[in-house]
Each structure stands twice: as structure tokens, then as C-alpha cells.
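I opened this entry to keep a record of what I looked up, one topic after another, with the terms explained where they come in.

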Amino acid sequence: MNSKLNALSEKIQHKTAKIAVIGLGYVGLNVSINFASEGFQVFGFDVDEKKIDSLQRGINYIPEEHFISEMLPRVLLNKFLVSTKVDDASAIGDVIIVIVPTANGNTPTMEYLNSALDSIVKNDITGKLIVLESTVKVGTTEEIVVPALEKNGLVAGEDFFVAYSPERIDPGNKERFLRNIPKIVSGINPESAEIAARLYQHIVNEVILVSSTRTAEFVKLMENVQRDVNIALMNLFAMMCEKAHIDIEEAIFAASTKWNFHPYKASCGVGGHCLKKDPLLLANSFDSKEIDLDLIYAARRINDTMPVLTAEKAVSVCREKIGKDVSKTKFGILGLSYKKNSSDTRNAPAIFIIDHLKKLGARHIYVYDPLVKNGIEQAELTEVLNSDIIIMTAAHDCFSGILDHYPGYIVDGTNTLEPSDRVIGIGRNPIIKKEKSESSDDTAFFQKSVNRKCGVAGSRINHS
Ligand SMILES: NC(=O)c1ccc[n+]([C@@H]2O[C@H](COP(=O)([O-])OP(=O)(O)OC[C@H]3O[C@@H](n4cnc5c(N)ncnc54)[C@H](O)[C@@H]3O)[C@@H](O)[C@H]2O)c1
């Protein structure tokens with residue numbers, strides 16, 4: 001065994017390896033706290049002074065991640081130290097994990113990764129392991145990370161080790177968290193992959209080793225693109241359902257009784273840091289002259305249209321049902337984050353809906369999301385409940401029952417409420433039960449179907 005590998009391996013096994021994490025956002029803070037909780041000495045670095053200041057005061061800025069809130073006070077100063085001096089990361093850490101953003105808004109960018117790599121090569125990295133966790137274009141580890149790290153004449157894979165391990169966490173998800181999500185791990189050579197696998201075995205139950213960093217980069221993008229395309233297809237079905245007077249939820253329920261149908265939800269759009277840029281990262285990895293990439297772009301277009309359609313839906317309710325001028329109508333927005341039970345507002349459909357409402361002439365918009373505390377101006381809940389129309393954009397648990405006695409119109413961008421004359425979903429239509437004609441046979445089957453609300457989404461008639 002390479003003596004450098006042996007030495008690092010021993011340190012990792014005995015948890016004496018120092019871990020430096022560059023980028024303490026949704027992913028980096030999670031990874032840091034998990035290693036610190038396992039007894040490793042972790043040094044977290046971020047260029048954002050506010051984040052470092054908050055952590056130094058023991059405040060978790062990702063409140064939906066309860067494990068972080070619970071563990072931060074226990075590991076802070078003892079096993080977890082934080083700093084803005086990113087150039088120190090590779091001087092301190094035996095392992096340096098890079099988890100910086102790879103997009104500005106929707107646009108992929110390498111600027112944060114390049115800056116992190118510049119910091120790393122300011123120190124001697126002999127015998128160290130550098131792991132990239134950010135989601136990147138296929139080939140980035142071999143073509144960008146390795147050359148940048150070899151700048152001072154050291155040879156990657158011999159003098160130091162390089163691995164790529166994409167992150168799959170879903171912040172706010174109470175059932176799936178870092179430990180119980182299988183972790184894809186790869187290295188630029190078998191030694192790098194092996195040492196990275198040994199490292200992650202301390203914080204996850206299962207490591208999935210793949211044969212190359214390109215494979216691992218592709219796997220991460222493939223997962224998110226599949227999701228984006230499937231959601232787009234469901235949104236397309238929802239638009240069709242609206243035209244054809246069909247309820248999308250009833251259709252999904254019925255189609256799901258076939259073993260190979262995969263249910264996804266139509267909604268007012270997708271958001272977050274990943275789903276909007278990862279399809280572009282994948283498409284940018286290939287030459288569109290050689291492979292037809294239109295499916296990826298079409299899915300992006302459909303999902304990006306949904307907030308616009310949702311805003312237009314609210315405006316048509318205002319004109320056709322309330323009969324009020326858009327500029328005089330009060331619009332309430334319930335939910336600001338891009339998904340249920342999250343505080344993350346990056347690329348959130350709510351933000352695009354608000355922008356589009358303004359373009360359509362809305363002047364009175366009241367926004368409420370108790371989970372979001374990032375400085376976006378918000379109204380009181382009572383102001384939202386006094387609106388003429390409420391657009392629900394996130395089905396947080398804390399919103400449960402909140403609209404039960406609301407008398408106005410609701411545009412349900414989450415498709416979690418039953419549609420009615422007052423509740424307009426995405427591709428949803430109230431199911432009109434057809435009366436049975438008097439002449440038809442009153443068989444047990446039909447009696448049963450009436451009793452069980454045949455045709456109502458979620459119902460199923462079993463032949464007994
Ligand atoms: N958020 C998720 O749920 C999620 C899930 C899986 C993968 N990812 C991927 O992980 C990566 C990071 O995502 P995130 O959501 O944690 O982003 P984030 O914006 O929450 O955090 C990134 C952090 O890196 C910091 N940073 C930027 N440049 C830096 C530098 N040169 N040195 C030190 N710190 C620097 C930023 O200040 C920020 O705090 C992205 O590639 C993303 O696609 C995210």
C-alpha cells in the first residue's frame with residue numbers, strides 16, 4: 001500500500017484525521033455536523049461572514065434540519081470550529097471536502113469551485129484527500145479539479161488523493177437524511193476511491209462505489225434530470241386535464257393502479273438550487289450536434305412556465321369570478337420556499353408567481369411563510385387571510401387546516417386541497433358525480449360504487 005495512503009487511512013480509521021469543509025451551506029453544514037458528531041475534528045470554512053457569525057453564536061440557519069439544531073451546541077468549539085479564512089482549509093485538514101454552489105440562479109458557473117481550488121493549492125497538499133461534493137458537469141473532476149490541484153507539481157493519485165462524491169440529501173426530509181441515504185463514491189484511481197469510501201463509511205450506512213468520477217458525476221445529474229422530466233410530464237398532463245375537464249389527481253390515482261406507472265405531482269413549478277441547473281449541467285456535458293438533447297430543454301421550459309400559468313390562473317379568477325380589477329384585488333401568497341417544510345427560497349415558484357402577478361397589474365400582494373426568515377418582506381397571516389385570492393405554493397405541515405374557514409378563492413399550486421368552485425388546482429377539476437338513471441339495474445356493484453364514492457380521487461372498489 002502507498003505509504004501516504006496508509007497513513008491517511010489509519011487516521012481516518014481512528015477518527016484522528018482532521019476534516020476541512022469548504023462551503024457551509026445546506027450540504028456543507030450537514031456534512032460537517034455529521035462528521036463532528038462522529039467524533040472527527042471538523043473545521044468549516046465559508047466566505048459568507050453572516051453564516052460564520054451565526055454558527056459561532058450557535059445558531060443553525062437551516063432550521064428544518066433538526067439534527068443540526070440538536071448537535072450544533074454539542075459539537076461547537078469542541079469538535080467543530082468555523083472560519084472565513086478559506087486559505088487555511090488545506091493547511092489544517094487532512095481531508096478537504098469542497099461543497100460550494102455550481103450555479104448563480106439558474107446559470108451554471110465554475111466561479112465558486114475555481115476559487116475554492118485556488119485556496120486549496122495555497123498550501124502543501126501532500127498525503128491529503130480532496131473530495132468534491134458539488135454537483136458538476138460530467139468530466140469536471142478529471143478535467144478541472146485534478147489539473148488545478150497539480151499546479152504545484154504534485155501528482156494526483158500518488159502524492160495526494162482526489163475523489164468525487166455527489167450529495168443526495170433533501171433538507172427538511174424527516175425520513176431520508178444523510179446517514180440513511182446511500183452515498184455514491186468515486187475516485188480518480190482505486191486508492192482515491194478506497195480512501196474516500198473509508199471516510200464516508202463513518203457517516204453513512206451504505207457506500208456505493210462506482211468505477212470512475214465521470215460515472216458518479218453523471219449519476220447525480222441523471223437522478224435530478226429524471227425527476228425534472230417526470231415532473232414536467234405531469235405538468236403537461238395537468239394542462240391537458242384542464243382542457244379536457246378531467247381531474248389530474250383522479251387520473252394519477254387510477255393510473256397508479258398499474259404496476260409500472262410512476263406517480264408524480266403536478267404543481268405551480270419546481271425550484272431549489274438543483275433541479276433548475278442540473279439539467280443544464282447535464283446538457284452542457286454533451287454536444288447537441290451529436291445527441292438530441294431537446295427532451296431536457298423541453299422539460300425545463302414546461303416547468304418554468306408553471307409559475308406564470310399559476311399567476312395567470314389567479315388573475316383570471318379575479319376577473320371572471322370576483323369581477324374585480326387586478327390592481328384592486330388583494331392576493332395572498334401562502335408559502336415562499338420551493339418545497340414543503342423547507343426554508344429554502346432559491347428559485348422558488350412563489351417568487352416567480354409574485355413577479356408575474358406584478359407584471360399583470362397586481363398591486364396588493366401579501367406573502368406569508370413562517371419557515372422563511374431570510375429578510376424577504378412578509379405580511380401577517382391575518383392580511384393573507386383577508387385577501388380576495390390566496391395562492392398556496394408550499395404545503396407546509398404548519399399550514400394544515402389554515403384555510404378551512406377562508407371564504408375567498410384559493411389557487412392551489414400544491415394540488416393538496418380538494419378542488420371546488422372556490423379551490424382551483426393545477427389540472428384539477430371537481431368531480432361531478434353523474435346521477436344513475438332510474439331505469440338502470442340497481443345491482444350490488446353500483447350500490448357499492450355509490451357508497452364508496454366511485455370516481456373520487458383516492459377511492460378504490462375491491463370486488464369481495
Ligand atoms: N441543497 C441541496 O439540497 C443539495 C442537494 C444535493 C446536492 N447539492 C449540491 O451541493 C452544492 C452546494 O449546494 P448548497 O445547497 O449547499 O449551496 P449553498 O449555497 O447552500 O452553500 C454553499 C456555500 O458555499 C459558500 N461558498 C461559495 N464559495 C466559496 C468559497 N470559495 N469558499 C468557501 N465557501 C464558499 C457559500 O457562501 C455558501 O454558504 C451544489 O453543487 C448543489 O447542487 C445541493
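I began with the aromatic rings, and found that ring pairs link Phe35, Phe40 and Tyr200 into a cluster. Rings of Phe, Tyr and Trp (its six-membered ring) count as a pair if their centres lie within 6.5 Å, and planes under 30 degrees apart are called stacked, over 60 edge-to-face, and the rest tilted. I noted that this is a predicted model, in which local features need pLDDT of at least 70 and side-chain atom pairs count only at pLDDT 80 or more, while totals for chains, interfaces and linings use all residues. Residues are numbered from 1 along each chain as its sequence is written, and side-chain values use heavy atoms, with hydrogens and water left out.

A search of the whole structure gave me four aromatic pairs. One of them joins Phe35 and Phe40 edge-to-face, with 5.5 Å from centre to centre and 90° between the planes. Another joins Phe35 and Tyr200, and this pair is tilted, at 6.0 Å centre to centre and 50° between the planes. The second pair links distant parts of the chain, for Phe35 sits in helix α2 (residues 26-37) and Tyr200 in helix α8 (residues 190-200), 165 residues apart. Helices (H or I, at least four residues) and strands (E, at least two) are DSSP runs, numbered from the N terminus.

Are these rings buried or exposed? Buried means under 20% relative accessible area, exposed over 50%, and partly exposed in between, with a 1.4 Å probe and protein chains only. Phe35 is buried at 0%, Phe40 is buried at 0%, and Tyr200 is buried at 0% as well.

Next I turned to a sheet of eight strands, which is open, has mixed pairing, and follows the order β3-β2-β1-β4-β7-β8-β9-β10. Two strands pair if DSSP finds at least two bridges between them. The edge strands are β3 (80-83) and β10 (207-209), each of which pairs on one side only. Strand β2 (residues 41-45) runs parallel to β3 and is joined to it by four bridges, and in this pairing Gly44 stands opposite Val82 of β3. I also saw that helix α3 (residues 49-56) lies across β2 and β3, at about 150° to β3. Contact here means heavy atoms within 4.5 Å, and the angles, from 0 to 180 degrees between N-to-C directions, use axes that are lines fitted to C-alpha atoms, for helices over the stretch in contact.

I then looked up the other open sheet, in which five strands pair in parallel in the order β12-β11-β13-β14-β15. Its edge strands are β12 (364-368) and β15 (423-424), each pairing on one side only. Between β13 (residues 389-392) and β14 (residues 409-412) there are four bridges, and Ile391 has Val411 of β14 as its bridge partner. Helix α12 (residues 294-322) packs on this sheet, touching β11 (330-334), β13, β14 and β15, and its direction makes about 160° with that of β14.

Last, I asked how many disulfides the structure holds. A disulfide is a pair of cysteine sulfur atoms within 2.5 Å, and I found zero. For Cys268, the nearest cysteine sulfur is that of Cys398, 16 Å away, and Cys268 is buried, with a relative accessible area of 2%. Cys274 is in no disulfide either, the nearest cysteine sulfur being that of Cys268 at 18 Å, and Cys274 is partly exposed, at 29%.
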